[in-house]
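User: I would like to go through this model with you one point at a time, with the reasoning set out before each result.

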Amino acid sequence: MSTNDLFKAIKDFANTERREQITRYDSLKRLMKKLKTKQNTLKEKVKNEENKKLKKILEEKLRVIKAQRKKGLKLLKELKSEM
């Protein structure tokens with residue numbers, strides 16, 4: 001195997017890793033947008049809900065989504081800094 005072939009193999013390997021990072025970043029970004037939409041919908045439901053038990057359940061779901069988004073945003077920052 002010549003030197004050029006070795007360089008090409010290394011370059012292909014690096015590009016594959018880079019593509020995987022980009023794919024992971026993009027899919028996480030799409031997921032974060034969906035979570036944001038769901039969070040906003042739940043906020044509206046909580047705001048308009050009169051039943052206290054149901055309102056409490058919705059608020060708990062909202063807290064879970066907020067925690068998921070917080071973790072997701074942290075992961076997005078880490079991925080972006082790696083890229």
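User: Which side chain is joined to that of Glu 60 by a polar contact?

Analyst: This is a predicted model, and within it Glu 60 is found in helix H2. Its relative accessible area of 42% makes Glu 60 partly exposed. A polar contact of 2.9 Å joins the side chain of Glu 60 to that of Arg 63.

User: How far apart in space are Glu 60 and Lys 33, C-alpha to C-alpha?

Analyst: Along the sequence, Glu 60 and Lys 33 are 27 residues apart. In space, the distance from C-alpha to C-alpha is 20 Å.

User: How many helices and how many strands does the chain have, and what is its radius of gyration?

Analyst: The chain has 2 helices and 0 strands, and its C-alpha atoms fill a box of roughly 75 × 15 × 15 Å along the principal axes. For a compact globule of 83 residues, a radius of gyration near 12 Å would be expected. The chain instead has a radius of gyration of 21 Å.

User: What distance separates the end C-alpha atoms of helix H2, and which residue caps its N-terminal end?

Analyst: Helix H2 covers residues 52-82, and because each residue contributes 1.5 Å, its 31 residues should span 45 Å. The end C-alpha atoms are 45 Å apart, in agreement with that expectation. At the N-terminal end of H2, a side-chain oxygen lies 3.1 Å from the backbone nitrogen of Lys 53, and the residue that supplies this oxygen as the cap is Asn 51.

User: Which element gives the largest share of the largest nonpolar core?

Analyst: The largest nonpolar core has 11 residues in all, among them Tyr 25, Met 32, Val 46, Leu 58, Ile 65 and Leu 79. The elements that give two or more residues to this core are H1 and H2. The largest share, 6 residues, comes from H1.

User: Why might buried positions in a helix recur every three or four places, and which residues of H2 are buried?

Analyst: An α-helix has 3.6 residues a turn, so residues three or four places apart point the same way. The buried residues in H2 are Leu 58, Leu 62, Ile 65, Arg 69, Gly 72, Leu 76 and Leu 79.

User: Which residues does Val 46 contact, leaving aside its neighbours within four places in sequence?

Analyst: Val 46 is one of the residues that make up the largest nonpolar core. Leaving aside neighbours within four places in sequence, the residues in contact with Val 46 are Lys 55, Leu 58 and Glu 59.

User: Is Gln 21 buried or exposed, and which residues does it touch beyond four places in sequence?

Analyst: Gln 21 has its place in helix H1, residues 3-48. Its relative accessibility is 18%, under the 20% cut-off, so Gln 21 counts as buried. Not counting residues up to four places away in sequence, Gln 21 touches Glu 82 and Met 83.

User: Is Lys 8 buried or exposed, and what distance separates its C-alpha atom from that of Lys 45?

Analyst: Lys 8 also has its place in helix H1, and because its relative accessibility is 54%, Lys 8 counts as exposed. Lys 8 and Lys 45 are 37 residues apart along the chain, and their C-alpha atoms are separated by 55 Å.

User: What percentage of the contacts with a separation of 6 or more comes from residues 24 or more positions apart?

Analyst: One pair of residues at a shorter separation is Asn 40 and Leu 62, which are 22 residues apart in sequence and 9.0 Å apart in space, C-alpha to C-alpha. Among contacts in the chain with a separation of 6 or more, the part from residues 24 or more positions apart is 69%.

Technical notes. Residues numbered from 1 in each chain as written. Predicted model: local features only at pLDDT ≥ 70, side-chain atom pairs only at ≥ 80, totals over all residues. Heavy atoms only, no water. Buried < 20%, exposed > 50% of the residue type's maximum accessible area, 1.4 Å probe, protein only. Contact = heavy atoms within 4.5 Å. Expected span 1.5 Å × (residues − 1). Polar contact = N/O pair within 3.5 Å; in protein donor to acceptor, adjacent residues only side chain to side chain. Core = buried A, V, L, I, M, F, W, Y, C linked by side-chain atoms within 4.5 Å. Rg over C-alpha atoms; globule rule 2.2 N^0.38 Å.
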